[in-house]
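Please open the model in the viewer and follow the selections below in order. Each stop names what to select and then describes what is there.

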Amino acid sequence: MTGPDPRDELATHIPALRAFAISLTRNVTEADDLVQEAILKAWGNFDKFLLGTDLRAWLFTILRNTFYSARRKTRREVADPDGLHAAQLVTQPAHDGRLAMADFTRAFDQLSPEHREVLILVGANGYSYEEAAQMMGVATGTAKSRANRARARLCELLGLAEGETVLIPSSSSGAAAPGMGPQAA
């Protein structure tokens, strides 16, 4: 560089930058933060400043661009001081559903054919006990009994406590495991 270093002149422009920032933000604290950020950007980019051009105009441009960039960014943000909105955005990882389904499939395969059949008819396909009994060629009470024993055995194989259910997250299949959801009664 030939001539005076523009960095030496930077401090003389801070009051004007601060006044400009206050006029943009209408908040002294926010304005001070904006000036500080603009100065840091200018300092880091002095290699792009052309000697002989107006330093003050360059600094004002950086400050203005920083202000409008921050405004665009905050326009997309949602105010959520209590974290309620963020709590609603939580999703379970997809792999949890795949792992739960793999565990369920292993346990389901260990059931007797009669137990698998009743769970598929009543739990997965939503048939009534009467309809399932008719399809299986047994009494309605037998279908209910098989379904109850099948659910109990499945819970035992999965290590579920009483009242616990196996729910596959909506990202996987959107439904409870056959015969294990809230409709399984």
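Select E156 to begin: in this predicted model, E156 has a relative accessible area of 57% and is therefore exposed, the cut-off for that class being over 50%. Add R153, whose side chain meets that of E156 in a salt bridge with an N to O distance of 2.7 Å. R153 is partly exposed, at 31% relative accessible area. Both residues belong to helix α9 (residues 140-158), where a spacing of 3 residues separates them by about one helical turn.

This contact is one of 5 salt bridges in the structure. For another, move to helix α3 and select E37 and K41, which are 4 residues apart and thus separated by about one helical turn. Their closest N and O atoms are 3.9 Å apart, and the two residues form a salt bridge. E37 counts as partly exposed at 39% relative accessibility, and K41 falls in that class at 34%.

Next, select R71 and E30, whose side chains form a salt bridge of 2.9 Å from N to O. Because R71 lies in helix α4 and E30 in helix α3 (residues 28-44), this pair ties together parts that are 41 residues apart in sequence. R71 is partly exposed, with a relative accessible area of 32%; E30 is likewise partly exposed, at 32% relative accessibility.

Continue along helix α4, which spans residues 55-76 and includes R76. R76 is exposed, at 65% relative accessibility. Select R72, K73 and R75 together with R76 to display a positive surface patch.

Turn now to the aromatic side chains. Across the whole structure, 7 aromatic pairs are found. Select F46 and F49: their ring centres are 6.3 Å apart and their planes lie at 85°, so the pair is edge-to-face. Both of these phenylalanines are buried. Keep F49 selected and add W58; these two residues form a tilted aromatic pair, 5.1 Å from centre to centre with 50° between the planes. Why does F49 count as buried? Its relative accessibility is 9%, and the class requires a value under 20%.

For the last view, add W43 to the selection, since ring pairs link W43, F46, F49 and W58 into a cluster.

How values were computed
Residues are numbered from 1 along each chain as its sequence is written. This is a predicted model: local features need pLDDT of at least 70, side-chain atom pairs count only at pLDDT 80 or more; totals for chains, interfaces and linings use all residues. Side-chain values use heavy atoms; hydrogens and water are left out. Patches are made of residues with over 30% relative accessible area and no salt bridge: like charges are joined within 9 Å, nonpolar side chains (Val, Leu, Ile, Met, Phe, Trp, Tyr) within 5 Å. Accessible areas come from the Shrake-Rupley method with a 1.4 Å probe; for residues, only the protein chains shown count as cover. A salt bridge is a side-chain nitrogen of Lys or Arg within 4 Å of a carboxyl oxygen of Asp or Glu. Lys and Arg count as positive and Asp and Glu as negative; His and the chain ends are not counted. The place of a charge is taken as NZ of Lys, CZ of Arg, CG of Asp or CD of Glu. Helices (H or I, at least four residues) and strands (E, at least two) are DSSP runs, numbered from the N terminus. Buried means under 20% relative accessible area, exposed over 50%, partly exposed in between (1.4 Å probe, protein chains only). Rings of Phe, Tyr and Trp (its six-membered ring) pair if their centres lie within 6.5 Å; planes under 30 degrees apart count as stacked, over 60 as edge-to-face and the rest as tilted.
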